[in-house]
Amino acid sequence: MCPSHPWFRHPERRLLSGFLGLLLSVLAGGCATTTTQIAPDVIEEASPAPQPEAAQFIPVVRYGRYTLVELAPMAAQRDLLLQTIDVSMPEDARATVGDGLRHVLKRSGYQLCETAHAVIELYALPLPAAHLHLGPMSLRDALLTLAGSAWELHANDRTRQVCFERIGEPAGADPILEAPAADAVQAFPLVPSISGGQP
């Protein structure tokens, strides 16, 4: 039996010697690592950073204790068709789409154009009960809802007129419509009878 070194007889010293051995192996292994040559990255010419735009001065005014209000028009004030409306139509049993369009446009700043025969046909259609209350929605959406999906909205901002055109029909072309069979009128010439009596 071989006597052990007095250093290893105490358990605390064994732990300490194990730790020192581990530390020496890490240090020796760290020194033995080789570094690989890293190829330098290709330097690409970078575009210059965009210059920040000059800050736009937006005038504001204090409105109350904690509120600042911009002194600029809102989007609905610039484009009147974006204004939000909530409209209830007068309950008339004989209301037409044209009456509904005129009522929606009443305080909007726009008016209806009444030029084409086809548009007059749209205006004469009866107003559906579902359209007696519209909103809240934008004025553009309310007009398109009243007209229906077969019509296209055109707004002339210069004259502030709103016009409708059938989808797929060239502008200014009025179709020749045949009268429905129920509305057909048959004309008979009035010829006075010669004998003066009734036939």
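This passage describes the fold of a predicted model and a set of its local features.

The protein has five helices and seven strands. Read from the N terminus, these elements follow the order α-β-β-α-β-α-β-α-β-α-β-β. The chain counts 199 residues, and 18% of them are buried. Contacts between residues with a separation of 6 or more were also examined. Of these contacts, 56% join residues 24 or more positions apart. The accessible surface comes to about 16500 Å². Carbon and sulfur atoms account for 60% of that surface.

Helix H1 spans residues 11-32 and includes Leu16. Leu16 belongs to a nonpolar patch on the surface. The other members of the patch are Phe19, Leu20, Leu23 and Leu27. Together the five residues have about 470 Å² of accessible area. Leu16 has a relative accessibility of 43%. Leu16 is therefore classed as partly exposed, as the value falls between the 20% limit for buried and the 50% limit for exposed.

Helix H3 covers residues 97-104. A salt bridge joins the side chains of Arg102 and Asp99 within this region, with an N to O distance of 3.6 Å. The two residues are about one helical turn apart, because they sit three residues from each other in helix H3. Both ends of the bridge are partly exposed. Arg102 has a relative accessible area of 35%, and Asp99 has one of 36%.

The loop after helix H3 leads to strand S4 (111-112) and contains Ser108. Ser108 is buried, at a relative accessible area of 7%. The side chain of Ser108 has polar partners in the backbone. One of its polar atoms lies 3.0 Å from the backbone oxygen of Leu105. A polar atom of the same side chain is placed 3.2 Å from the backbone nitrogen of Tyr110. Beyond its sequence neighbours up to four places away, Ser108 touches Leu80, Gln83 and Leu139.

Gln83 is also among the residues touched by Ser138. Ser138 is part of strand S5, which runs over residues 133-138. Ser138 is buried as well, with a relative accessible area of 16%. With residues up to four places away set aside, the contacts of Ser138 are Leu81, Leu82, Gln83, Thr84 and Ile85. Leu81 stands 57 residues from Ser138 in sequence. In space, the C-alpha atoms of the two residues are 6.8 Å apart.

Strand S5 also holds Pro136. The peptide bond between Gly135 and Pro136 is cis, with omega at about -5 degrees. A second backbone feature occurs at Arg160. Arg160 is not a glycine, yet its phi is positive, at about 55 degrees. In general, most peptide bonds are trans, and most residues other than glycine have a negative phi. Arg160 is located in the loop between strand S6 (151-156) and strand S7. Its relative accessible area is 41%, which means that Arg160 is partly exposed.

The structure holds one disulfide. Its partners are Cys113 and Cys163, with sulfur atoms 1.9 Å apart. This bond links distant parts of the chain, as the two cysteines are 50 residues apart. Cys113 sits in the loop between S4 and helix H4 (117-123). Cys163 belongs to strand S7, residues 161-166. The two cysteines fall into separate burial classes. Cys113 is buried, with a relative accessible area of 5%. Cys163 has a relative accessible area of 24% and so counts as partly exposed.

Helix H4 and strand S7 are also connected by a salt bridge. The count of salt bridges in the model is two. In this one, the side chains of Glu121 and Arg166 meet at 2.7 Å, N to O. Glu121 lies in helix H4 and Arg166 in strand S7, 45 residues apart, so this pair too links distant parts of the chain. Glu121 is partly exposed, with 32% relative accessibility.

Methods: Residues are numbered from 1 along each chain as its sequence is written. This is a predicted model: local features need pLDDT of at least 70, side-chain atom pairs count only at pLDDT 80 or more; totals for chains, interfaces and linings use all residues. Side-chain values use heavy atoms; hydrogens and water are left out. Helices (H or I, at least four residues) and strands (E, at least two) are DSSP runs, numbered from the N terminus. Buried means under 20% relative accessible area, exposed over 50%, partly exposed in between (1.4 Å probe, protein chains only). Contact means heavy atoms within 4.5 Å. Patches are made of residues with over 30% relative accessible area and no salt bridge: like charges are joined within 9 Å, nonpolar side chains (Val, Leu, Ile, Met, Phe, Trp, Tyr) within 5 Å. Accessible areas come from the Shrake-Rupley method with a 1.4 Å probe; for residues, only the protein chains shown count as cover. A salt bridge is a side-chain nitrogen of Lys or Arg within 4 Å of a carboxyl oxygen of Asp or Glu. A polar contact is a pair of N or O atoms within 3.5 Å; within protein, one must be able to donate a hydrogen and the other to accept it, and residues adjacent in sequence count only if both atoms are side-chain atoms. A disulfide is a pair of cysteine sulfur atoms within 2.5 Å.
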